[in-house]
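Reader: Could you choose one part of this model and take me through it closely, giving the cut-offs behind each term as it comes up? I would like one connected account rather than a list.

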Amino acid sequence: MNDLLLNFIVIAGSLILASAIFLFSNQKQKREMKDLTQIANQNGWKIAYIRKPLEKGFKITAREWIIESIMRSGGRESGPGSTDWEQITTWFANKPGTTILIGPRTTQEDMSPLAEKLAHRIFETALGADAYGLKEVAVGSSAFQEKFMVWAQDPERIDSFLTPELQYTLLGWDRKPPLIKRTSKGTSIELDGIQLKNIKGLNALISLGEQLL
């Protein structure tokens with residue numbers, strides 16, 4: 001077998017493999033869209049698909065909440081043959097109040113004054129005036145406090161928001177831990193680095209969000 005024929009076989013094999021991957025991916029995407037559309041129609045939700053060169057995903061609008069699951073890029077190369085795509089899924093409800101943040105614990109030790117000061121600067125950048133007076137609160141079961149941090153403006157009222165049911169749900173969460181945020185603008189759940197595409201994940205997020213209504 002000469003080199004020319006060998007190269008031809010390798011190229012042909014690569015093209016067949018690439019076509020098979022594309023076909024499989026395209027069929028999977030169609031199934032996911034069909035399932036999402038079906039569940040939205042069954043529940044009377046509005047669903048809109050986002051198809052832009054640098055942004056893809058969907059938005060579901062229900063009576064009391066909105067879910068937006070997006071994959072977007074700034075169009076810049078982050079490495080050879082790749083772009084800076086980011087994924088995020090957000091559940092949002094128009095339920096404003098004093099600021100409360102619930103997120104995964106980053107350290108098992110008490111925060112040093114310097115670390116706490118840095119955290120406040122990050123909060124101020126992200127939340128503006130909604131970050132005023134935020135302080136870490138020791139609340140919930142010991143198991144919950146080991147896995148999650150809670151920051152609040154009004155610690156005395158946190159129990160009505162962070163219910164035992166919500167704690168139980170978060171402790172049993174088997175995906176990347178969410179960030180729950182309530183501010184004067186509303187209440188949200190953010191799944192950073194995740195673009196929901198399946199019904200199971202969508203239902204889990206909706207179930208979690210409905211505990212905050």
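Author: The account below begins with the basis of the values, passes briefly over the whole chain, and then stays with one part. This is a predicted model, in which local features need pLDDT of at least 70 and side-chain atom pairs count only at pLDDT 80 or more, while totals for chains, interfaces and linings use all residues. Residues are numbered from 1 along each chain as its sequence is written, and side-chain values use heavy atoms, with hydrogens and water left out.

The chain holds five helices and 11 strands, where helices (H or I, at least four residues) and strands (E, at least two) are DSSP runs numbered from the N terminus. Of its 213 residues, 31% are buried, buried meaning under 20% relative accessible area, with exposed set at over 50% and partly exposed in between, for a 1.4 Å probe and protein chains only. If one takes the contacts between residues at least 6 apart in sequence, 55% of them join residues at least 24 apart, a contact being heavy atoms within 4.5 Å.

The part to examine is the sheet, which is open and built from nine strands in the order 1-2-3-6-11-10-7-9-8, with antiparallel pairing. Strand 1 (46-52) and strand 8 (135-136) stand at its edges and have a single partner strand each, so that one side of each is left without a neighbour in the sheet. Pairing here requires that DSSP find at least two bridges between two strands.

Within that order, strand 7 (residues 100-104) lies between strands 10 and 9, and four of its five residues are buried, so described as mostly covered. Towards strand 9 (residues 148-152), strand 7 is joined by five bridges and runs antiparallel, and there Leu101 has Trp151 as its bridge partner. Towards strand 10 (residues 179-183), the sense is again antiparallel, with three bridges, and Ile100 stands opposite Arg182.

Elsewhere in the sheet, strand 3 (residues 66-72) and strand 6 (residues 86-93) are also antiparallel and are paired over seven bridges. In this pair, Glu68 stands opposite Thr90 of strand 6. Read together, these pairings follow the order given for the sheet, in which strand 3 is followed by strand 6, and strand 10 by strand 7 and then strand 9.
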